[in-house]
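Hi everyone, thanks for coming. I'd like to walk you through a structure that is new to most of us, so please pull it up and follow along.

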Amino acid sequence: MENIEGNISCPRVRSDFWVGVRDSIALAVGVVPFGITCGVMALAAGLTGGETLLMSMAVFAGASQFIAITMLGAGINGWGLIVVTTLLVNLRHLLMGASLAPYIIRLPVSLQALLSFGMVDETYAITMERIRRKGYSASYQLGANTLFYSVWVVSTALGVLLSGYISDPLAWGLDFAMPAIFIAMLIPRLINPAALAVCVVAALVAVIGALYLPGKWYIIVACLAAAAVGGLMDEEAQHAN
Amino acid sequence: MRTEIFLIIIGMTAVTFFTRFASAVLFRKAGIPASFERWMKHVPTGILTALIMPALLLPKGYLDVSIQNHYLLAGLVAIAATCFFRNAIVTMSLGLIVILSLRWLGI
């Protein structure tokens with residue numbers, strides 16, 4: 001699997017790319033209303049269409065874009081404040097990057113950088129699901145990243161163009177595609193006591209964290225607590241054997 | 001394009017890319033300890049759960065465990081659908097049908 005990655009002309013690599021694209025389409029449907037909302041909100045906050053599109057193309061991070069746009073709309077335009085907030089909101093990617101690192105560190109550095117640029121919550125989940133089913137493929141990950149990136153940029157552009165013609169796209173209900181598909185990815189993972197414990201701990205900590213912690217910290221705290229519990233249970237199981 | 005906005009976008013781009021790439025850079029240099037992999041293997045389950053649960057239980061930012069919470073009802077349908085069909089597209093379709101019907105019926 002690893003040895004074919006350098007050779008992009010290999011048919012297997014090309015087809016993995018398109019499988020990654022195809023497997024991402026359903027989840028990407030759920031991203032469209034967020035992209036449109038991002039465009040609509042940015043214009044309402046006083047950004048130009050060009051600035052809005054550049055932000056989606058360069059940053060490619062839904063949550064932190066929403067927060068930055070809200071801050072700009074409220075007249076908060078301090079560089080440091082917005083950039084540090086973006087950093088804090090995106091710190092969870094360090095964890096995702098760490099869990100993908102064993103698969104990608106053997107690839108050429110430029111490819112690692114490209115794959116990392118496109119790693120968002122959704123593409124991370126799709127790539128891990130592929131690893132669970134069939135093993136890692138860089139082309140597959142690149143396909144998923146490419147589809148999500150395109151959908152994010154195009155739906156932001158749609159929001160810019162349709163601004164003023166549509167009511168709240170997040171009220172359509174399409175945003176439910178994300179939790180629905182994540183549920184379909186999560187349940188097959190719950191096959192042993194450690195995985196179940198990880199899920200229960202993450203659920204409790206995430207809900208409490210979402211109530212009391214700022215921003216996206218609940219994801220980091222929940223994931224660290226859950227991984228600690230899972231790791232300890234695995235260690236105990238090893239000692240018992 | 002205003003310079004101040006351009007600089008904000010550049011700064012956001014830089015820190016976001018840092019969070020996505022830093023782990024790969026660190027582990028390429030330092031190697032990956034065996035015990036670390038044992039912990040990291042639980043990260044996908046933890047992240048998925050942490051993304052799902054608040055979306056179902058706090059769709060509007062506050063805890064809402066009631067039948068007025070469409071996301072929770074559709075989430076329960078999605079869990080049942082996954083257990084029966086083991087197919088992500090079926091899960092998503094049934095979940096979306098539930099949430100769109102509840103919305104259109106105005107329940």
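Let's start at the N terminus: in what order do the elements of chain A run? Reading along, you get α-α-α-α-α-α-α-α-α-α-α-α. That is 12 helices and zero strands for chain A. Before I go further, keep in mind that this is a predicted model.

Now, the overall form of chain A. Along its principal axes, the C-alpha trace spans about 65 × 50 × 35 Å. The radius of gyration is 19 Å, which agrees with the value near 18 Å that a compact globule of 241 residues would have. Half the chain is tucked away, too: buried residues are 50% of the 241 in chain A. And if you take the contacts in chain A between residues at least 6 apart in sequence, 77% of them join residues at least 24 apart.

Chain A is split into two pieces by the domain assignment: domain 1 covers 2-177, and domain 2 covers 190-241. Their C-alpha centres are 25 Å apart. Where they meet, six residues come from domain 1 of chain A and five residues from domain 2 of chain A. On the domain 1 side of that contact, helix H5 (79-90) and helix H6 (92-104) of chain A each bring at least two residues. That side is made up of five nonpolar residues, no polar ones and one charged.

On to the partner. How many helices and strands are there in chain B? Chain B has five helices and zero strands, so the pattern along the sequence is α-α-α-α-α. Its radius of gyration is 20 Å, well over the 13 Å from the globule rule for 107 residues, so chain B is more spread out than a compact globule. The C-alpha trace of chain B spans about 55 × 50 × 25 Å along its principal axes. Of its 107 residues, 43% count as buried. For contacts in chain B with a separation of 6 or more, residues 24 or more positions apart account for 24%.

Chain B also has two domains in the assignment, domain 1 at 1-41 and domain 2 at 49-107. The centres of those two, over C-alpha atoms, are separated by 32 Å.

So how do the chains come together? There are 71 residues of chain A in contact with 59 residues of chain B. On the chain A side, those residues break down as 53 nonpolar, 14 polar and four charged.

Let's zoom in on one helix of chain A, H7, residues 109-117. Which residues of helix H7 of chain A are buried? They are A:Gln112, A:Leu115 and A:Ser116. These three sit on the same side of H7(A), because they cover an arc of only 100° around the axis. As a reminder, an α-helix has 3.6 residues a turn, so residues three or four places apart point the same way. And what covers the buried residues of H7(A)? The cover includes H6 and helix H9 (138-162) of chain A, plus helix H1 (3-30) of chain B.

Stay on helix H7 of chain A for a moment, and find A:Phe117, which is part of it. A:Phe117 counts as partly exposed, because it has 17 C-beta neighbours inside 10 Å. Leaving aside residues up to four places away in sequence, A:Phe117 touches B:Phe17 and B:Arg20.

A:Phe117 also leads us to A:Phe60. The two are 57 residues apart in sequence, but their C-alpha atoms are 8.3 Å apart in space. A:Phe60 is in the loop between helix H3 (49-58) and helix H4 (62-73) of chain A. Is A:Phe60 buried or exposed? It is buried, with 24 other C-beta atoms within 10 Å.

There's a backbone detail here as well. Most residues other than glycine have a negative phi. A:Phe60 is not a glycine, yet its phi is positive, about 55°.

Chain B has a case of this kind: B:Arg86 is a residue other than glycine with a positive phi, near 55°. B:Arg86 lies in the loop between helix H4 (70-85) and helix H5 (88-105) of chain B. B:Arg86 counts as exposed, with 12 C-beta neighbours inside 10 Å, whereas A:Phe60 is buried.

That's my tour. Thanks for listening!

Conventions: Residues numbered from 1 in each chain as written. Chains lettered and ligands numbered in written order. Predicted model: local features only at pLDDT ≥ 70, side-chain atom pairs only at ≥ 80, totals over all residues. Domains from an automatic or database assignment. Contact = placed C-beta atoms within 7 Å. Nonpolar A, V, L, I, M, F, W, Y, C, P; charged D, E, K, R; others polar. Helix = DSSP H or I, 4+ residues; strand = E, 2+ residues; numbered from the N terminus. Rg over C-alpha atoms; globule rule 2.2 N^0.38 Å. Buried ≥ 20, exposed ≤ 12 C-beta atoms within 10 Å, placed from the backbone. Arc of directions from axis to C-beta.
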